[in-house]
Structures are given as structure tokens and as C-alpha cells.
Amino acid sequence: MFGASEEEGPDMPANKKLLVLAGDGIGPEVVGQVRRVVDWMDRRRHVSFDIAEGLVGGAAIDAHGLPLTDETLADAVASDAVLFGSVGGPKWETLPFDVQPERGLLRLRKEMDLFANLRPAIVFDALADASSLKRELVSGLDIMILRELTGGIYFGEPRGIEDLGNGVRRGINTQVYTTPEVERVARVGFELARKRSNRVMSVEKANVMESGVMWREDVQRIHDEEFPDVELAHMYADNCAMQLVRNPKQFDVIVTDNLFGDLLSDCAAMLTGSLGMLPSASLGAEDPTTGRRLSLYEPVHGSAPDIAGEDRANPLAELLSFSMMLRYSFDMGEDADLVDGAVENVLASGVRTADIAEPGRQPVSCSAMGDAVLAELDRLAA
Ligand code: IPM
Ligand code: MG
């Protein structure tokens, strides 16, 4: 089923331009394991990537004094896809807010206009016991959180900290959405749902926030006009957080704003056993003439400075992010299935990094997990 492609010569797929931004903390380690799989793809599946590397986050601050240079941003825009590791760490925490590592990631998202952030939460059967919830609540779970990524309170103006005198300050952030911003992410949500179980839950706080009232109305209108075949319901964000831990299998696609999506996706990640398992894809709009869309793939987990450099991190979220890249940027569903299948089989065989290890069983290192995935890929492709 997964036989190596026989394509050669003129039929060989054109090279794909990939920019790797490994970043800080465990980023370089987990990206390193993905690079091994990329090499494997090249050798065994004749899929060649043109790989360039760049600096982001603390690594870029150390080299250039900025978390993202204009040159790296231009490289990202010019590439077919960006593979992102993670940013941040205690070393840079005392820097002024505007030049902290996270600003590099936020600038990439904003300037590349990556408005649709897909965060699937899938429970691999072998990991159902690693979840903090009971097995029956999570086994077979497959939900997609679609987070709006370039608007809302993350980027709204006015923002800042004002000095009102007499030792009084005012901290300000602004939740703001326009109709086109809501509509475009809603459309992505409905399109995703049509390829899944055809159900969308739109999440906001329309009981408290006008931006939430507008969100609800705009999503409903897009549904009624363009996607009447998809089942749509609405939920307040606080209730959604509760429902995610009460009965997560009620959801198919959840579409929500930037901040609620940040919170709810961390919550959903834990349902799958570990934050170390959750991949994500951040997509821009499709260019109507070329069909090309900008994209960035990153694990939901952060830079985990406490274990950085110790070869203990779980590389699977980064690897599953690469598999999303194959699927969404390069339309290589079969290769993506191959990677996903290898991950599933490796987990089923009991190989676990520390974050998902069963009590009493010896966890493997980050690189040993990479070894196991490569061995399984060889077996599947034999
Ligand atoms: C995420 C992260 C980021 C966010 C941070 C690192 C800026 O938590 O991708 O979920 O808040 O969006
Ligand atoms: Mg987050």
C-alpha cells in the first residue's frame, strides 16, 4: 500500500521550498528529528525539498538583536511552507516586551496573514490511558480546533500600558474583529467540516462582548448563505472549556477567535495525553490565480526550557506538523498518511518519550523516538 514511488525524471515532483525556523529550547531537537524524516522522504519517496534555515525568537535576538529580521520574513513569504519549532526561554524574559522571542512568531503570523490555525486533537488509541480523562471519554477522539490567528485581542489597537500618574497605570488591549475576518475563518471551518463529520461549533462570548455578538451573527449568515448543509451550533467559550473536559467527543470542528482558540487548544491538547502530541497548521488565503497559499507548521507546545538540550523532548507534535504540511501545502495525502501511520504504530508498540510514558516503563529519548519512527517508515514502505 505504501510502496515507494517509482516516479523519476520529468515526472518527479518539483522541488518544494521549505524554510526551517527551529527557534529556541527544544525547537532544534524536535525539528532535528523531522529533518531525518525529510531525508527519508527524499531517499525513499523521491520527494525533494529545497531546505533553507533561518533564525527566529531568542536565537535571532542573540544573532541580530531582533526576534525576526526582515530578511527572514521575506524568506518565509517566498517559501512554499515554513516549518517552525518553538520560541522563548528565561534568557530573554527580561527584554522589553516589543523584542521578546514571541514577537517573532506573532509577526510571522500577522505579516504572512496566516489567519486560519488548524489544531487537530486526535487521541491515538495507544495513548488513551495517557489522557487525564477516563479512557472512554477520549478514546477515538478526533476534533479540529480552528483558531483565528491574525486578529482579535492579540493584535487589536489601542494597546499598551499608560501611566496615569500617582503610581496608577492602565493596561489596555482591544478585542476587535471585522466582518471579512470572521467570514473567511468561518468559511475555512465549514469547508473543513464537510470533509469530516460536517458539524461546526462556533465559540465566542456573545453574552458579554459585542465582538462576540457580531461573530455569532456573521458565522450564522455565512452558514445560511453558503453552507446550509453543515450542522452549525454556537457556544459560549467558558461553556466550551467545560464541555471539552466533560464530553469532548460531542465536537467535530470548533471555530473560535484568537484568544479563546489559544486557551481551548491547550485544553484539547491535554485530552490527547500530552501537549507534546499536538501539531498545527497556520494557513493564509489561497491566491486565486496561482492557487498558492502561505503556510507555517508548528507544534502547539512551547520551547520547554526545563528539558531543552537533554534529548528528552517528544518530537511527535513537530513530526505531525510536518505531516500536516504534506497534506495541506503539498497535497501529498499518501505521504502524510505514511507518517501518521508510522507514528501510530510506534506508539502502539509502546515506545514513549517521558511525557507520555506509562508508569514503570522506561521512556526513550527524543532521538530514539526518531529512530523508531524511521524504522517504522522503512517497514511500512518495504
Ligand atoms: C500558541 C502559543 C503562542 C500564542 C505564544 C507562544 C505567542 O501559546 O501558539 O498557542 O499565544 O499564540
Ligand atoms: Mg498557546
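**Entry 1: the second largest pocket**

I began with the lining of the second largest pocket, and I noted that this lining takes at least three residues from each of two domains, domain 1 (1–117 + 276–382) and domain 2 (142–271). The model I am reading is a predicted one. For this second largest pocket I wrote down a volume of about 600 Å³. I then listed its lining, which has 27 residues, and marked Glu 102, Leu 105, Arg 109, Tyr 154 and Asp 262 as those nearest the centre of the pocket.

Next I looked up the elements, and found that β3 (81–86), α4 (101–111) and α9 (258–271) each supply at least two lining residues, with the largest share, five residues, coming from α4. Sorted by character, the lining of the second largest pocket gave me 12 nonpolar, six polar and nine charged residues.

**Entry 2: the largest pocket**

I turned to the largest pocket, whose volume is about 1100 Å³. Its lining counts 35 residues, and I noted Leu 118, Leu 192, Leu 283, Arg 327 and Tyr 328 as the closest to the centre. Two or more residues of this lining come from each of β4 (116–122), β5 (142–148), α6 (179–194), α10 (316–328) and α11 (333–348).

I also asked myself which domains contribute to the lining of the largest pocket. The lookup returned domain 1 (1–117 + 276–382) and domain 2 (142–271), each with at least three residues. By character, I recorded 17 nonpolar, five polar and 13 charged residues in the lining of the largest pocket.

Definitions and conventions: Residues are numbered from 1 along each chain as its sequence is written. Chains are lettered from A and ligands numbered from 1 in the order in which they are written. This is a predicted model: local features need pLDDT of at least 70, side-chain atom pairs count only at pLDDT 80 or more; totals for chains, interfaces and linings use all residues. Side-chain values use heavy atoms; hydrogens and water are left out. On a 1 Å grid over the protein atoms alone, a cavity is a set of points where a 1.4 Å probe fits but cannot get out, and a pocket is an open set with protein on both sides within 12 Å along at least five of seven lines; lining residues have an atom within 4 Å of a point. Grid points are joined across faces, edges and corners, and a volume is the space filled by probe spheres set on the points. Helices (H or I, at least four residues) and strands (E, at least two) are DSSP runs, numbered from the N terminus. Ala, Val, Leu, Ile, Met, Phe, Trp, Tyr, Cys and Pro count as nonpolar, Asp, Glu, Lys and Arg as charged, and the others, Gly among them, as polar. Domain bounds come from an automatic or database domain assignment.
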